[in-house]
Amino acid sequence: MTNIYLLLLFNDYQVTTVFMLDIFHSSSKLLKEFNRHTDSVYSIDYSIFDDCQFICSGSSDHKVYVWNLENSGLIQSFKHSDWVYCVKFSPYHYRTRGCNVICSSSFDNTIRFWDIKNNQQLQIFNKHTDSVYSIKLSQFNGGRYLCSGSGDETIRLWDVKTSKSLHVFNGHTSSVWSVDFSPLQSNNKSNSIGVVGGSGYTICSGSFDTTIRIWDIETAKQVVVFKGHENALKSVLYGSNEIGNIGGANTILSGSDDKSIRLWDIRSGQQIQIFKGHTHYVYAVEYSPFTVDSCEVGGSGVICSGSLDGTIRFWDIRSNKSELHIFEGKNGEIYCLKFLKCKKKEQKRKIYCNRYCINLCYGSRDGSICIWG
């Protein structure tokens, strides 16, 4: 595991794993490449089911693919009638029914749930009147709730259990390309939104109207509007409660067609940082698991962005300096990113242990999916 640095906390009798960016950058190589898609890959997700690791992908070739990460085998495929913009594994179906399910959204205006094992469609959400660009399943309540952003300029909140549309959020004046749920609240024991709301959870959305908006789930009202980007938003993402050194869930990260990445403070409603260096649209942003300082525990301080300029760039959010590292994508334009915290398997026993490694997965315009680590 060349990309891991181990730091011992003797006073707590624990070993904390710290992932060093410099080590990953210098030692990583192409591990796997998947080439079944015939057009741009817009979305990737990762999950572990029954001790096996999988990724799923969605593409403008209308296909959703499911892959076994260990042997690179294609497990299953599903098809929309138009471009697929977003794919997610459904934790709710696995938790409540023990079945492995993928959720996908498409230019055909629908959100569909697919049973991987039985190769069949389970549910369809079809209330949107235009393309569904983004979907996100809730971390709270076991993934029971889904939010979606659409070309019809709305965000919808859905109950996966009942297949009902619970709320419609209106306010954007152009297509909504990206949505996200606020993270789990450590002080909320139930982490449930009850019937509809009431636990302080929110949704953020990024739109072609150049704004980022935050919505209260319970009241369906707009709470905050962030203005500053000069072109369409392509990616918005809440921080995590685990990222303590950057304000955790009080931050939103965004990427835009104005070629910039920006960090926003929810409490003040202000922009914290702006990162410039990409020469084309920024389609994907992620909070990375890496750190630049081996003494840091509890937060990484490093963000990552993918662009149509064909590069993946790493940035230190505490600094106004230029990017930490530039990673040249193998196959040109980058549409999506995903960090995979992969379990290491003991070769003799063929079982997974509690050791992890970090791999970087991205999708490109030529339909390829590459994994580096």
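Me: Why is cysteine 147 called buried?
Reply: Its relative accessible area is 0%. Buried means under 20%, exposed over 50%, and partly exposed in between, with a 1.4 Å probe and protein chains only. The value 0% is under 20%, so cysteine 147 is buried. This is a predicted model: local features need pLDDT of at least 70, side-chain atom pairs count only at pLDDT 80 or more, and totals for chains, interfaces and linings use all residues. Residues are numbered from 1 along each chain as its sequence is written, and side-chain values use heavy atoms, with hydrogens and water left out.

Me: How many disulfides does a search of the whole structure find?
Reply: It finds 0. Cysteine 147 is in none, and the nearest cysteine sulfur, that of cysteine 204, is 8.1 Å away.

Me: Why can the sulfur of cysteine 204 not bond to that of cysteine 147?
Reply: The two sulfurs are 8.1 Å apart, too far for a bond. A disulfide needs a pair of cysteine sulfur atoms within 2.5 Å. Cysteine 204 also counts as buried, at 0% relative accessibility.

Me: What makes phenylalanine 49 and phenylalanine 54 a tilted pair?
Reply: The structure holds 34 aromatic pairs. In this pair the ring centres lie 6.3 Å apart and the planes stand at 40 degrees. Rings of Phe, Tyr and Trp (its six-membered ring) pair if their centres lie within 6.5 Å; planes under 30 degrees apart count as stacked, over 60 as edge-to-face and the rest as tilted. The angle of 40 degrees is neither under 30 nor over 60, so the pair is tilted. Phenylalanine 49 is buried at 3%, and phenylalanine 54 is buried at 13%.

Me: How do you know what kind of pair phenylalanine 49 forms with phenylalanine 89?
Reply: Their centres are 5.4 Å apart, with 75 degrees between the planes. That angle is over 60, so the pair is edge-to-face. The pair links distant parts of the chain: phenylalanine 49 lies in strand 4 (residues 41–49) and phenylalanine 89 in strand 8 (residues 84–89), 40 residues apart. Strands here are DSSP runs (E, at least two residues), numbered from the N terminus. Both phenylalanine 49 and phenylalanine 89 are buried.

Me: What makes lysine 234 a charge over a ring?
Reply: Its charged end sits over the ring of tryptophan 177, 5.1 Å from the centre. The rule asks for NZ of Lys or CZ of Arg within 6 Å of the ring centre and within 35 degrees of the ring normal. The distance of 5.1 Å is within 6 Å. The charged end of arginine 36 likewise sits over the ring of tyrosine 65, 5.9 Å from its centre. Tryptophan 177 also belongs to a cluster linked by ring pairs, whose members include Tyr42, Trp83 and Tyr335.

Me: What makes strand 10 mostly covered?
Reply: In strand 10 (residues 111–115), 5 of its 5 residues are buried. Ile111, Phe113 and Asp115 are on one side, and Arg112 and Trp114 on the other.

Me: How do you know that strand 10 pairs with strand 9?
Reply: The two run antiparallel and are joined by 5 bridges. Two strands pair if DSSP finds at least two bridges between them, so 5 is enough. Strand 10 also pairs with strand 11 (residues 120–125) in the antiparallel sense, over 5 bridges. Phenylalanine 113 stands opposite cysteine 103 in one pairing and opposite glutamine 123 in the other.

Me: Why do strand 20 and strand 23 count as edges?
Reply: They belong to an open sheet of 4 strands in the order 20-21-22-23, with antiparallel pairing. Strand 20 (233–238) and strand 23 (270–276) each have a single partner strand, so one side of each lacks a neighbour in the sheet.

Me: Why is serine 163 called partly exposed?
Reply: Its relative accessible area is 32%. That is neither under 20% nor over 50%, so partly exposed fits. Serine 163 lies in the loop between strand 14 (154–159) and strand 15 (164–170). Its phi is positive, near 65 degrees. Most residues other than glycine have a negative phi.
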